[in-house]
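Q: I'm new to this one, could you walk me through it? Please put it up first and then I'll ask as I go.

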Amino acid sequence: MASLHNRISQKELKERLYSEEEPRRTISFYKYTFIEEPKEFRDNLYKNLDALKVFGRIYVAHEGVNAQVNVPVSNYDSFKAYLDSISFLKDIRLNHAVSDGKSFWVLKIKVRNKIVADGIADPEFDMSKKGKYVDAISFNKLTSDPETIVVDMRNHYEYEVGHFENAIEMPSDTFRDQLPMAVDILKEKKDKNIIMYCTGGIRCEKASAWMLHNGFNNVFHLEGGIIQYVNKVKENDLPNKFKGKNFVFDGRLGEVVGEEVISVCHQCGKPCDTHTNCANEGCHLLFIQCSSCAEEMQGCCSEDCRIIYNLPEVEKKILRKGKKNGIMIFNKSRRRMDSLKKENSVRG
């Protein structure tokens with residue numbers, strides 16, 4: 001029987017990926033649909049995608065499937081044919097990354113309660129009653145009207161490095177907090193045209209349904225999210241209304257969309273949009289750091305972390321002892337990030 005989990009070390013898998021000569025296509029897709037047996041679906045999905053050497057991160061739940069993967073070019077047609085063999089994924093829209101690259105090096109498929117954690121407990125909420133799709137052409141046309149409201153349903157660290165012109169940020173760490181926040185902030189504008197957007201479409205699609213559920217009347221969501229928008233802008237030579245970099249949740253941490261750099265280094269304040277994780281393994285805060293500060297701070301987010309980073313390994317282990325492993329891994333807390341920027345504002 002084929003293994004349904006990876007049994008090779010992360011280090012070896014990453015080395016294998018970077019030694020590959022064949023290019024890969026980075027793709028995302030999602031589908032809100034009822035899956036009666038998520039565990040069974042997950043296991044079949046793993047066996048078939050593993051056989052095609054697909055890497056990535058996929059979540060499966062009763063409410064559907066959410067996937068970000070990369071596929072060897074030679075296996076792309078087989079990959080597409082396999083998805084088409086699944087009734088609810090036949091002809092599914094595949095979002096191709098703006099820039100490919102070594103995005104994933106292992107296949108992980110997990111069963112979750114929901115494919116997007118939303119905090120919604122209302123039994124009357126119906127995902128089938130969602131907003132209207134808008135493509136790149138319609139988005140540009142609608143947003144030419146200053147009365148149109150554009151809402152970014154991504155997290156603060158995504159918005160900071162890139163967003164659409166005049167987009168409203170929902171300033172929270174989590175999507176579950178952003179949903180009631182959007183309803184509250186826009187409660188006096190229920191008859192306005194409101195366009196929700198996110199990276200690949202999955203969050204803004206659910207957000208549009210939630211807004212309609214709460215009495216909003218003219219709600220739209222960007223089909224395929226930023227990824228699809230940018231590709232269509234290039235294909236059709238349209239004006240690009242997205243400024244900065246598109247944050248992505250893989251090894252690349254971002255796709256360059258335009259020439260603008262709209263964010264700054266969290267340590268020196270110079271223009272920069274390069275995300276990194278603090279080199280101190282007990283922190284791993286996700287933050288923006290320029291090359292000069294990376295060299296000076298040895299890849300760390302603060303002087304305290306730099307001191308710990310340079311301690312002998314035995315002392316670092318003592319410091320970490322008793323602490324929950326991974327508690328700060330890939331930390332994206334807005335409060336922690338704001339604290340970092342305040343601490344470093346006095347540097348230099």
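Q: Okay, starting small: is tyrosine 76 buried or exposed?
A: Tyrosine 76 is buried, with a relative accessible area of 13%, where buried means under 20%, exposed over 50% and partly exposed in between, using a 1.4 Å probe and protein chains only. Please keep in mind that this is a predicted model, in which local features need pLDDT of at least 70 and side-chain atom pairs count only at pLDDT 80 or more, while totals for chains, interfaces and linings use all residues. Residues are numbered from 1 along each chain as its sequence is written, and side-chain values use heavy atoms, with hydrogens and water left out.

Q: And which ring does tyrosine 76 form an aromatic pair with?
A: The partner is phenylalanine 79, at 6.4 Å centre to centre and with 40° between the planes, a tilted pair. Rings of Phe, Tyr and Trp (its six-membered ring) pair if their centres lie within 6.5 Å, and planes under 30 degrees apart count as stacked, over 60 as edge-to-face and the rest as tilted. The two residues are three apart in helix α3, so about one helical turn separates them, and phenylalanine 79 is buried at 0% relative accessible area.

Q: How many aromatic pairs are there by that rule?
A: The count comes to ten. In one of them, the rings of phenylalanine 41 and phenylalanine 88 have centres 5.5 Å apart and planes at 40°, so that pair is tilted. It links distant parts of the chain, 47 residues apart, with phenylalanine 41 in helix α2 (residues 38-51) and phenylalanine 88 in the loop between α3 (76-84) and β4. Helices (H or I, at least four residues) and strands (E, at least two) are DSSP runs, numbered from the N terminus.

Q: Switching topic, in what order do the strands of the sheet come?
A: Five strands form an open sheet in the order β4-β1-β3-β2-β5, with mixed pairing, and two strands pair if DSSP finds at least two bridges between them. β4 (95-96) and β5 (107-111) stand at the edges with a single partner strand each, so one side of each is left without a neighbour in the sheet.

Q: How many bridges join β1 to β4?
A: Two bridges join β1 (residues 24-32) to β4, and these strands run antiparallel; isoleucine 27 has histidine 96 in β4 as its bridge partner.

Q: Last one: what lies over the face of tyrosine 59?
A: Arginine 112 does, at 3.9 Å from the ring centre, the rule being that NZ of Lys or CZ of Arg is within 6 Å of the ring centre and within 35 degrees of the ring normal.
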